[in-house]
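Some words used for protein structures have fixed cut-offs behind them. The questions below ask how each word is earned.

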Amino acid sequence: MVGLARRLKAFILAMAPRQSLPDSRCFARDGIRSWIRGDLPSYRVPQRYESDAAVRKQMAEKLQNVFDKGYITWGDVKSLTSYFSAPKGEGDICMVYDGTKCGLNDVLWVPSFCFARRGHIISNCGRNLLDGGYRHRGNVLKLPLDVFLQPYCGVDLKPYLVTILSWVMWVRCAMGLKPSPYIAIRFMLLASEVIRGDHRDPANALRYDTIRLNLPGQSNYNPSLPWVSKIIQATNKLSADFVGYVDDLRPVGSSESECNQCARQISSVLGYLGIQDASRKQVGASKHAGVWAGSVVFADEKGVGVNCTQEKWEKTKAYLSVINAEMKVNDVLHHKTLERQRGFLIYVTRTYPIMVLYLKGIHLTLDSWRTGRDSEGWRMTMSELHHHFGESDIVDNAPSGAPEYVYPATRLEADITTLLIMTSDSTPPKRFVRSKVILSACYGFGDASGSGFGSAVQGPGGLWYRHGIWGTDVNKDSSNYRELRNLVETIEEGVASGSLDGAELFLFTDNTVAEAAFYKGNTGSSKALFDLIIRLRLLEINGSVRLSESG
């Protein structure tokens with residue numbers, strides 16, 4: 001612990017000339033000042049009363065819990081914030097605290113910062129690596145709110161808690177307040193530096209000796225291992241590590257013992273720095289440690305991958321079905337409802353990123369009311385704007401806000417149909433991000449632009465190939481279509497035979513049309529080419545192969 005104290009002091013002294021960091025315990029006790037631009041609001045609209053008796057009872061229980069923990073207390077309230085409930089699973093709700101409706105978030109400023117992605121934790125998971133499952137949640141609420149800001153974070157609990165007869169206010173970082181994630185991430189990043197310590201110290205649970213590069217093209221490239229990893233030379237295994245998502249830390253290690261040691265070091269140092277650690281929320285080391293940051297990370301005999309929960313998968317399918325049904329019944333879509341559905345679908349694409357391409361139709365639909373959009377919802381160029389509006393009046397007639405209903409964009413129907421196909425499985429597919437098999441594609445029979453086609457694949461089991469002549473149903477199609485179809489059918493046959501199942505494929509092509517269609521997710525007017533892209537994407541989303549593209 002003395003060594004950690006010295007490292008903490010050295011770190012603070014090193015950072016002091018740049019941002020004058022206070023003592024860590026004072027920081028954890030008093031919080032940090034918020035940046036304010038403009039006048040603070042004076043919002044005094046009473047809290048809306050929930051009409052549903054069952055939901056009202058659940059809200060009262062959750063609000064009482066927050067009040068009993070001291071996150072909210074009495075004070076000189078100058079402005080209110082609001083809150084409401086949202087469904088959570090079957091028969092449960094979650095509380096949503098809103099700092100936007102009252103105007104408070106509009107006058108608060110925070111610098112840009114990034115969130116950890118699933119790739120950060122996956123990069124630390126080897127084929128035999130145990131996912132620690134250690135949870136560290138709730139520190140956003142336990143970090144104090146700026147004292148100056150507290151009176152403007154009032155809460156009206158009177159409609160739900162009869163024992164509270166006056167307004168109360170947040171004294172911890174309020175959920176729904178713009179600076180809260182930034183405050184948590186800023187302090188947790190500082191704590192992470194201290195937790196990691198000296199990587200050369202033999203007593204450090206996070207020690208490592210060297211950095212190993214495992215890159216495609218190397219003779220000893222292993223697709224089941226991370227491209228860049230920290231290695232302990234004595235065992236030639238990945239070192240223990242951890243990754244954070246806001247205030248949630250998850251350690252990973254090559255064994256259960258390493259994982260537990262890493263979790264203990266994290267908990268000890270956080271306590272030393274003044275951050276409370278909710279040990280009751282820790283989960284034992286496991287290869288299937290459950291949901292983290294919206295996804296389930298797993299490691300099995302086939303490789304390392306992610307998927308989502310069954311509940312989220314079913315909700316995704318339900319939202320897509322609702323949008324599809326609405327388009328068939330009505331000429332317009334409700335803007336606010338579609339906006340909420342998009343928010344959830346964006347969250348799902350963090351697990352299945354190839355679905356991002358097919359949210360474009362929703363984006364275009366939601367923004368179609370804005371000035372400077374063409375008939376398909378795309379933003380006009382400056383020359384198009386001048387041609388449409390004239391030289392002197394381009395955006396003078398811009399709408400003041402979004403309408404209640406919007407017309408579907410041209411591509412929305414095709415995008416929703418594609419997403420429905422991708423989500424047609426009854427259970428969420430496993431998307432592998434690291435596999436154990438690598439094969440190389442060889443083209444020894446020329447291209448597929450003439451009347452014939454051919455392809456060859458060489459792997460651990462030897463060389464297998466396919467060739468033939470196109471039938472009359474394909475002869476009239478473009479060379480772009482035939483080249484891509486040859487590639488897609490080769491991969492499909494390889495997956496069906498087991499030769500390519502779970503493999504990592506690097507695709508190289510000089511077909512710029514096919515490459516553009518793969519990246520953009522659409523092909524303009526060619527439905528046949530679009531169908532091939534869907535078949536290729538389905539192989540990836542179902543976990544059959546992992547595609548790595550290169551032009």
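Q: What makes two strands a pair, and how do S2 and strand S8 meet that test?
A: Two strands pair if DSSP finds at least two bridges between them. S2 and strand S8 (residues 168–170) have 3 bridges in the antiparallel sense, so they count as paired. Trp74 stands opposite Val168 in S8. The model described here is a predicted one.

Q: What sheet do S2 and S8 belong to, and which strands are called its edge strands?
A: The sheet is open, has 5 strands in the order S2-S8-S7-S3-S4, and its pairing is mixed. Strand S2 (72–74) and strand S4 (92–98) are the edge strands, each pairing on one side only.

Q: How do you know that S9 and S10 pair?
A: DSSP must find at least two bridges. S9 and S10 have 4 bridges in the antiparallel sense, so the test is met. In S10, Val228 is the bridge partner of Leu213.

Q: What is the order of the sheet that holds S9 and S10, and which strands are at its edges?
A: The order is S9-S10-S11, in an open sheet of 3 strands with antiparallel pairing. The edge strands are S9 and strand S11 (237–238), and each of them pairs on one side only.

Q: Why is Ile231 called buried?
A: Buried means under 20% relative accessible area. Ile231 has 3%, so the word applies. Ile231 lies in strand S10. Not counting residues up to four places away in sequence, Ile231 touches Tyr208, Asp209, Thr210, Arg212, Asn236, Lys237 and Leu238. The C-alpha atoms of Ile231 and Ile211 are separated by 6.0 Å, and these two residues are 20 residues apart along the chain.

Q: Why is Leu215 called partly exposed?
A: Partly exposed covers the range between the buried limit of 20% and the exposed limit of 50%. Leu215 has a relative accessible area of 31%, so it falls in that range. Leu215 is found in the loop between strand S9 (210–213) and strand S10 (228–232).

Q: What makes Leu215 eligible for a nonpolar surface patch?
A: A patch residue needs over 30% relative accessible area and no salt bridge, and Leu is on the list of nonpolar side chains. Leu215 has 31%, so it passes the area cut-off. The patch is made by Ile211, Leu213, Leu215, Trp227 and Val228, and its area is about 440 Å².

Q: Is Thr490 buried or exposed, and how do you know?
A: The relative accessibility of Thr490 is 5%. Buried means under 20%, so Thr490 counts as buried. Thr490 is placed in helix H15 (residues 479–497). Its contacts, not counting residues up to four places away in sequence, are Ser455, Val457, Trp464, Arg466 and Leu500.

Q: What makes the approach of Thr490 to Asn486 close enough for a polar contact?
A: The cut-off is 3.5 Å between N or O atoms. The side chain of Thr490 reaches the backbone oxygen of Asn486 at 2.7 Å, which is within that limit.

Q: Why is the pair Arg33 and Asp146 called a salt bridge?
A: A salt bridge needs a side-chain nitrogen of Lys or Arg within 4 Å of a carboxyl oxygen of Asp or Glu. The closest N and O atoms of Arg33 and Asp146 are 3.3 Å apart, so the pair qualifies. Arg33 lies in the loop between helix H2 (24–30) and strand S1 (35–36), and Asp146 in the loop between helix H6 (139–142) and strand S7 (154–155), so the pair ties together parts 113 residues apart in sequence. Arg33 is exposed at 57%, whereas Asp146 is buried at 5%.

Q: How do you know that Arg411 and Asp415 form a salt bridge, and are they buried or exposed?
A: Their closest N and O atoms are 2.7 Å apart, which is within 4 Å. Arg411 has 14% relative accessibility and Asp415 has 2%. Both values are under 20%, so both residues count as buried.

Q: How many salt bridges are found in the whole structure?
A: The search finds 10. One of them joins Arg200 and Asp198, at 3.2 Å from N to O.

Technical notes. Residues numbered from 1 in each chain as written. Predicted model: local features only at pLDDT ≥ 70, side-chain atom pairs only at ≥ 80, totals over all residues. Heavy atoms only, no water. Patch = residues over 30% accessible without salt bridge, like charges linked within 9 Å, V, L, I, M, F, W, Y side chains within 5 Å. Areas by Shrake-Rupley, 256 points an atom, 1.4 Å probe, with all protein chains shown as cover. Buried < 20%, exposed > 50% of the residue type's maximum accessible area, 1.4 Å probe, protein only. Polar contact = N/O pair within 3.5 Å; in protein donor to acceptor, adjacent residues only side chain to side chain. Contact = heavy atoms within 4.5 Å.
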